[in-house]
Amino acid sequence: MQDFLSNELAQVTHGALRFLDLSFIGYPLLAFLSLFVTGYVVLYRQRVARGKSLSVRLFLRAFLSKGMIFRSSGRVDVALLVLNSTVFPVLFGWMMISGQIFVTPTVTALTHLLGSHAPPQISAGAQAFLATLALFIAYEFGYWVDHYLSHRIPFLWHFHKVHHTATSLSIVTVHRVHPIDTVVFGGILALTGGVTAGCLEWAFAAPFNLMEIGSTNLFLFAAMIAYIPLQHSGVWLAFTGAWGRVFLSPAHHQLHHANDPTLYGSNLGSCLSVFDWMFGTLKIPSAEPQKLTFGVSASDHPPVGILDHVVQPFLDAGRTTSSTAPAPLAKAS
Ligand SMILES: [Zn+2]
Ligand SMILES: [Zn+2]
């Protein structure tokens, strides 16, 4: 038992340290790469709509200009991007360590309930594809659960509202997240990812390292580079009808940011809208751009200034726990 625990601990620590090495360089690189890719897509769309082309020089000039990144909410967005570049790798490492802890108990429980079996006749490529897809869905489900709780539980809302105080959206707003919001998100992802990894280990009857495949997930990588920042770009790209029930478009996410009580707590998914559809929080956008105001209501006492955005949520959350909890600040429809 002691050997098993020390082996398990050594494996987890080794993987986490390797991952931390990668992600200290990886997060800022990934963040800036995604800003460039998304920024190019947004500007290209605008230029093509006006029948014009887009040169690299023009792109760089526009990208660094005020309109693209430094909108009215942009200073807080950029400050939190810098803060998250330092904090995020540690949190992500912690999430991977915690996730790996759920793998073995899940395999043990499944073996106890369903028994063990021989490895299935399936190619390594198909196994990798299925594992990547399953972990992507686990991420999406974890994202929806975390986001739902962040809008329903006042304590969590105080930290999550930092993301919602943006009165204008830009491709940097995706990084406007309070570190405590990320800690909670990491804990929930560790659970959904770890249990899914345990199911995969049992199904394939082969050891499965969450850190190996979790850190190289192609679906997530593509989403983080190009799709998630695009959701905050202000571009009205809307998936309607059946597509709108499966994929969460940038227009879906703009409805989520709207300062409109009828839309509070809607469209809580990341890239997929299936969980919103299943749990009744889906609002499909119209094909034509909708006029929306972004931000939170005055009763939410939005923080002012960069430091306030980091410190005030702790004070607000402290007040929430020491008094009778108020009604949830945002309501799912
Ligand atoms: Zn939200
Ligand atoms: Zn957002």
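**Figure 1. Donor spacing and coordination at the zinc ion (ligand 1).** Along the sequence, the residues that supply donors to the zinc ion (ligand 1) follow the spacing H-x3-H-x8-H-x3-H-x91-H. Within this site, His 147 and His 164 connect distant parts of the chain: His 147 belongs to helix H4 and His 164 to helix H5, 17 residues apart. The structure shown is a predicted model. Coordination of the zinc ion (ligand 1) is through the NE2 atoms of His 147, His 151, His 160, His 164 and His 256, at 2.1 to 2.2 Å. Both His 147 and His 164 are buried.

**Figure 2. The zinc ion (ligand 2) and its four histidine donors.** His 163, His 232, His 253 and His 257 each coordinate the zinc ion (ligand 2) through NE2, at distances of 2.0 to 2.1 Å. The donor residues are spaced H-x68-H-x20-H-x3-H in sequence. The arrangement is classed as irregular because the 4 donor atoms subtend angles of 91 to 157° at the zinc ion (ligand 2). For a tetrahedral assignment, all angles would have to lie between 85 and 135 degrees. By way of reference, the ideal angle for four tetrahedral donors at a metal is 109.5 degrees.

**Figure 3. Two zinc ligands in helix H10.** Helix H10 spans residues 250-257 and contains both His 253 and His 257, which are 4 residues apart, about one turn of the helix. An α-helix has 3.6 residues a turn, so residues three or four places apart point the same way. His 253 counts as buried because its relative accessibility is 2%, and His 257 is likewise buried, at 0%. Both residues are donors to the zinc ion (ligand 2).

**Figure 4. Helix H5 within the structure.** Helix H5 covers residues 154-164, and 10 of its 11 residues are buried, so this helix is largely enclosed by the rest of the structure. The buried residues of H5 include the histidines His 158, His 160, His 163 and His 164, together with Trp 157, Phe 159 and Lys 161. Of these, His 160 and His 164 coordinate the zinc ion (ligand 1), whereas His 163 coordinates the zinc ion (ligand 2).

**Figure 5. The salt bridge between Lys 161 and Asp 316.** A search of the whole structure finds 1 salt bridge. Lys 161 forms a salt bridge with Asp 316, and the closest N and O atoms of the pair are 3.2 Å apart. This pair links distant parts of the chain, with Lys 161 in helix H5 and Asp 316 in helix H12 (residues 306-322), 155 residues apart. Lys 161 counts as buried because its relative accessibility is 1%. Asp 316 is also buried, with a relative accessible area of 9%.

**Figure 6. A nonpolar patch on the surface.** Phe 129, Leu 130, Leu 133, Ile 137 and Phe 219 make up this patch, which has about 400 Å² of accessible area together. Helix H4 (residues 124-152) makes the greatest contribution, with 4 residues. Ile 137 is located in helix H4 and is partly exposed, with a relative accessible area of 39%. In the protein as a whole, the exposed area is about 16,500 Å², of which carbon and sulfur atoms supply 70%.

**Figure 7. The surroundings of Phe 239.** Phe 239 lies in the loop between helix H8 (218-231) and helix H9 (241-246). With a relative accessibility of 26%, Phe 239 counts as partly exposed. Residues up to four places away in sequence being left out, Phe 239 touches Tyr 227, Gly 244, Phe 247, Ser 249, His 252, Ile 284 and Pro 285. The C-alpha atoms of Phe 239 and Ala 287 are 7.4 Å apart, while the two residues are 48 residues apart in sequence.

**Figure 8. Loop residues with positive phi.** Ala 205, although not a glycine, has a positive phi of about 50°. Ala 205 is found in the loop between helix H6 (179-204) and helix H7 (210-214), and is partly exposed at 32% relative accessibility. Asn 267 also has a positive phi of about 50° and is not a glycine. Asn 267 occupies the loop between H10 and helix H11 (274-279), where it counts as buried at 0% relative accessibility.

Technical notes: Residues are numbered from 1 along each chain as its sequence is written. Chains are lettered from A and ligands numbered from 1 in the order in which they are written. This is a predicted model: local features need pLDDT of at least 70, side-chain atom pairs count only at pLDDT 80 or more; totals for chains, interfaces and linings use all residues. Side-chain values use heavy atoms; hydrogens and water are left out. Patches are made of residues with over 30% relative accessible area and no salt bridge: like charges are joined within 9 Å, nonpolar side chains (Val, Leu, Ile, Met, Phe, Trp, Tyr) within 5 Å. Accessible areas come from the Shrake-Rupley method with a 1.4 Å probe; for residues, only the protein chains shown count as cover. A salt bridge is a side-chain nitrogen of Lys or Arg within 4 Å of a carboxyl oxygen of Asp or Glu. Helices (H or I, at least four residues) and strands (E, at least two) are DSSP runs, numbered from the N terminus. Buried means under 20% relative accessible area, exposed over 50%, partly exposed in between (1.4 Å probe, protein chains only). Donors are N, O and S atoms within 2.8 Å of the metal (3.2 Å for Na, K and Ca); water is not among the atoms, so sites may look incomplete. Four donors count as tetrahedral if all angles lie between 85 and 135 degrees; four count as square planar and six as octahedral if opposite donors are over 155 degrees apart and all others between 65 and 115; anything else is irregular. Contact means heavy atoms within 4.5 Å.
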